[in-house]
Amino acid sequence: SQLFLLHFVRCNILAIRADELVVVVGDNLQESQRLIGIVFSRTSANDLDETLRFLKIVTDNDYKLIRSYRENIATYKVQKEKLRAQVEKLVAVEKKIKMQEGLLAVEQESKSKIVSELDKERSASLASIKTLRRKTAGLADSEVDELLRPSIYEQKGSLPSPYISKVAQDFGLIVDDRFKIKYSHKGWQYVPSLTSSDVSSVFDGTIAKTQWIPGYGTTVVIDHGDHYYSVYGHLSRMHAKAGDTLKKGEIFAEAGEKGLYFELRHFSEAENPARWIAPSSVSTASADFN
């Protein structure tokens with residue numbers, strides 16, 4: 001009777017585990033009935049005890065699998081929620097970038113209109129200056145000579161290129177292929193020259209500053225008067241120093257292995273070099289230059 005009672009208790013334990021499986025899995029009812037049929041088909045106590053031990057191993061393993069499944073589901077839900085939050089943040093950042101791109105494009109268009117109007121006014125003033133220069137020709141007055149000396153603006157569109165090479169990156173708004181965003185490029189990036197590394201001044205001027213700048217290396221700023229400046233970056237060797245006076249086309253440095261970065265500025269505003277450099281002295285290279 002004690003052996004029978006022990007078997008009866010083990011059967012109850014098995015039934016409880018089977019019930020847990022049915023609740024969790026939901027489709028194991030027929031399998032549970034089959035297992036119970038196997039239990040009660042045994043003819044001896046030893047067979048029944050051996051079967052119960054086997055079924056206990058099986059049910060314990062199934063129970064562990066189900067518990068692991070539940071834990072994995074919980075972890076998945078947490079990770080899914082974190083991913084959803086990250087996606088929402090990225091969408092918000094994307095919207096903000098697009099809005100800034102739109103504002104930047106509008107600002108660029110507005111500046112282009114203002115520059116066009118200023119160009120017309122300056123052209124009229126330039127014509128007046130040329131007329132005055134002709135009338136005062138031959139007068140020995142240093143102040144008048146200084147006032148009426150040729151300006152870089154008079155040679156707009158006909159300046160020589162500072163470097164004999166191709167332009168890989170143009171001036172203006174460009175799209176980053178990797179991050180798919182727009183940003184403003186303030187000058188020209190030349191590819192390394194295959195013929196000469198010489199860098200020359202685009203117009204008469206004085207070297208205002210020589211400085212190492214992160215991302216641009218050794219950089220030179222030349223003052224051309226009337227608040228016009230030219231900027232030269234990625235220089236490897238200098239042939240002049242701050243304070244030296246340069247003539248148009250005079251070599252003052254050599255470009256490094258990255259080529260030459262070049263800007264033209266009026267006050268602090270960047271100018272499009274294409275409007276100043278003679279088209280015949282420059283060409284465009286492949287846009288995939290880095």
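Visitor: What percentage of the 290 residues of the protein chain count as buried?
Guide: This is a predicted model: local features need pLDDT of at least 70, side-chain atom pairs count only at pLDDT 80 or more, and totals for chains, interfaces and linings use all residues. Residues are numbered from 1 along each chain as its sequence is written, and side-chain values use heavy atoms, with hydrogens and water left out. Buried means under 20% relative accessible area, exposed over 50%, and partly exposed in between (1.4 Å probe, protein chains only). Of the 290 residues, the buried share is 28%.

Visitor: What is the mean pLDDT of the protein chain?
Guide: pLDDT is the predictor's confidence in each residue, from 0 to 100. In this chain, 75% of the residues reach 70 or more. The mean pLDDT is 80.

Visitor: How many contacts does the model have over residues 286-290, beyond near neighbours in sequence?
Guide: A contact means heavy atoms within 4.5 Å. Residues 1-9 stay under 50 in pLDDT, with five contacts beyond four places in sequence. Residues 286-290 are also below 50. Where pLDDT is low, the predicted coordinates should not be read in detail, but for residues 286-290 the model's count is eight.

Visitor: How many strands are in the protein chain?
Guide: Helices (H or I, at least four residues) and strands (E, at least two) are DSSP runs, numbered from the N terminus. The chain has four helices. Its strands number 13.

Visitor: Which residue in S3 is the bridge partner of Ile 174?
Guide: Two strands pair if DSSP finds at least two bridges between them. Strand S2 (residues 172-175) and strand S3 (residues 182-185) run antiparallel, joined by four bridges. Their hairpin has six residues between the strands, and there Lys 180 takes a positive phi near 60°. Opposite Ile 174, the partner in S3 is Tyr 183.

Visitor: Which residues have the most contacts inside the largest nonpolar core?
Guide: A nonpolar core is a set of buried Ala, Val, Leu, Ile, Met, Phe, Trp, Tyr and Cys residues joined through side-chain atoms within 4.5 Å. The largest one has 30 residues, with the most contacts made by Tyr 232, Phe 252 and Leu 260. Strand S4 (188-190), strand S7 (217-225), S8, strand S10 (251-255) and S11 each supply at least two residues of this core. The names to look up are thus Tyr 232, Phe 252 and Leu 260.

Visitor: How many of the five residues of S10 are buried?
Guide: S10 pairs antiparallel with strand S5 (residues 198-200) over three bridges, and Ser 200 has Ile 251 as its partner. S8 and S10 also pair in the antiparallel sense over three bridges, with Met 238 opposite Ala 253. S10 is largely enclosed by the rest of the structure, because its buried residues number four of the five.

Visitor: How many aromatic pairs does a search of the whole structure find?
Guide: Rings of Phe, Tyr and Trp (its six-membered ring) pair if their centres lie within 6.5 Å; planes under 30 degrees apart count as stacked, over 60 as edge-to-face and the rest as tilted. The search finds seven.

Visitor: How many residues apart are Tyr 153 and Trp 276?
Guide: Their ring centres lie 6.1 Å apart with planes at 70°, so the pair is edge-to-face. Tyr 153 sits in the loop between helix H4 (142-148) and strand S1 (166-169), and Trp 276 in the loop between strand S12 (269-271) and strand S13 (283-284). Both residues are buried, and they form one aromatic cluster with Tyr 228. Along the chain, their separation in residues is 123.

Visitor: What kind of pair do the rings of Tyr 232 and Phe 262 form?
Guide: The ring centres are 5.4 Å apart and the planes stand at 55°, so the pair counts as tilted. Tyr 232 lies in strand S8 and Phe 262 in strand S11 (residues 260-266), 30 residues apart. Both are buried. The geometry is tilted.

Visitor: What is the relative accessible area of His 234?
Guide: His 234 lies in strand S8 (residues 228-238) and has a positive phi of about 65° although it is not a glycine. Beyond four places in sequence, its contacts include Gln 189, Tyr 216, Lys 258 and Leu 260. His 234 is buried, because its relative accessible area is 12%.

Visitor: Is Asp 226 buried or partly exposed?
Guide: Asp 226 is found in the loop between S7 and S8. Asp 226 has a positive phi of about 55° without being a glycine. With a relative accessible area of 45%, Asp 226 is partly exposed.
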